[in-house]
Amino acid sequence: MTVDMSKGTNNGDGDPGTEPPAPVDARVRRRSRSAVARSASGDRWLTVLIGLVLLVVGVGVTLLSYGVFGVARAGRPLLDPIMLDTVAAEPLLWRVVAIVGGVLLAVFGLTWVSRSVRPEPRPDVVLNGGTGTTIRVSSAAAGEAVASQAETLPGVARARARLVGATAAPALRVTLWLADDADVRAVLARLHDEVLATAGASLDLPSLPVAVRLELERPQPTPRVA
């Protein structure tokens with residue numbers, strides 16, 4: 001479950017949350033999506049593009065076979081004799097072209113697969129420590145600090161946090177395992193006011209998109225006594 005950590009405002013009539021929220025910058029919105037889950041937009045767009053190309057080719061071949069572009073053209077062989085004569089005149093050249101094309105397709109496929117299965121990047125945070133000094137906070141250290149502080153909240157049994165996204169625009173993904181008697185509203189309020197506010201200030205990130213996933217902590221099974 002993804003939780004929106006923004007708070008409602010009072011409109012003066014005693015009804016909180018009725019005032020429309022301020023518009024969110026598009027860059028922050030994209031970072032918020034990366035906090036929820038790893039983006040697969042590149043793979044989707046490439047798949048759609050390949051599908052459209054294959055669809056256009058298939059429709060074109062179907063129209064050609066039904067004689068839409070002329071009955072004589074539909075009755076001609078798939079490979080034009082002129083093309084066959086051109087290939088036969090320079091067999092070595094066209095073999096090299098076929099080999100190079102196959103290698104390029106193989107490299108493209110392997111690149112696509114490696115990009116899809118590679119681990120999600122965990123960016124470090126670079127802080128300005130003064131003139132000529134930079135402080136680098138590792139992603140693991142930042143996540144462990146947030147998780148450790150979140151585990152101190154009442155009702156939280158375990159916590160896990162990790163920084164995701166790009167180095168220049170990181171986002172935070174938090175998972176909380178709650179006890180059976182946990183007050184979810186109180187946990188989220190204290191998480192927002194104490195843990196996330198401290199993390200944003202410590203990492204010098206005024207806008208830090210956060211996605212929170214809530215899980216119910218499973219009780220440990222009671223050992224049986226023989």
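## An aromatic pair, three salt bridges and a nonpolar patch

Let's start in helix H5, which covers residues 91-117: Phe 108 and Trp 112 both sit there, 4 residues apart, or about one turn of the helix. Keep in mind that this is a predicted model. A search through the whole structure turns up 1 aromatic pair. It is made by the rings of Phe 108 and Trp 112, with centres 6.1 Å apart and planes at 45 degrees, so the pair is classed as tilted. For the reasoning behind that label, planes under 30 degrees apart would be stacked and those over 60 edge-to-face, with the rest called tilted. Neither ring's residue is hidden away: Phe 108 counts as partly exposed at 41% relative accessibility, and Trp 112 is partly exposed too, with a relative accessible area of 25%.

Another tryptophan has a charged partner. Arg 158 lies over the face of Trp 177, at 4.1 Å from the ring centre.

Stepping back to the whole chain, there are 7 helices and 5 strands. Reading along the sequence gives the pattern α-α-α-α-α-β-β-α-β-β-α-β. The chain has 226 residues, and 22% of them count as buried. It exposes about 16300 Å², with carbon and sulfur atoms supplying 63% of that area. As for how the chain meets itself, take the contacts with a separation of 6 or more: residues 24 or more positions apart account for 62% of them.

What about charged pairs? In general, side chains of opposite charge can pair when their charged atoms come close. This structure holds 3 salt bridges, laid out here with the N to O distance and the relative accessible area of each partner.

| Salt bridge | N to O distance | Relative accessible areas |
|---|---|---|
| Arg 136 – Asp 124 | 3.9 Å | Arg 136: 57%; Asp 124: 24% |
| Glu 194 – Arg 190 | 2.9 Å | Glu 194: 31%; Arg 190: 35% |
| Arg 213 – Glu 215 | 2.8 Å | Arg 213: 45%; Glu 215: 28% |

Which parts of the chain does the bridge between Arg 136 and Asp 124 tie together? Arg 136 belongs to strand E2 (residues 133-137), while Asp 124 is in the loop between H5 and strand E1 (125-130), so the bridge links parts that are 12 residues apart in sequence. Arg 136 is exposed, whereas Asp 124 is partly exposed.

The bridge between Glu 194 and Arg 190 stays inside one element: both residues lie in helix H7 (residues 184-202), 4 residues apart, about one turn of the helix. Glu 194 is partly exposed, and so is Arg 190. In the remaining bridge, Arg 213 counts as partly exposed and Glu 215 is partly exposed as well.

The surface also has a greasier side to show. Which residues form a nonpolar patch on the surface? They are Val 48, Leu 52, Leu 55, Val 59, Leu 63, Tyr 66, Val 68 and Phe 69, and together they have about 810 Å² of accessible area. One of them, Leu 55, is found in helix H2, which runs over residues 41-65. Is Leu 55 buried or exposed? Its relative accessible area is 52%, so Leu 55 counts as exposed.

Notes: Residues numbered from 1 in each chain as written. Predicted model: local features only at pLDDT ≥ 70, side-chain atom pairs only at ≥ 80, totals over all residues. Heavy atoms only, no water. Phe/Tyr/Trp six-rings, centres within 6.5 Å; stacked < 30°, edge-to-face > 60°. Helix = DSSP H or I, 4+ residues; strand = E, 2+ residues; numbered from the N terminus. Buried < 20%, exposed > 50% of the residue type's maximum accessible area, 1.4 Å probe, protein only. Lys NZ or Arg CZ within 6 Å of the ring centre and 35° of its normal. Patch = residues over 30% accessible without salt bridge, like charges linked within 9 Å, V, L, I, M, F, W, Y side chains within 5 Å. Areas by Shrake-Rupley, 256 points an atom, 1.4 Å probe, with all protein chains shown as cover. Salt bridge = Lys/Arg side-chain N within 4 Å of Asp/Glu carboxyl O. Contact = heavy atoms within 4.5 Å.
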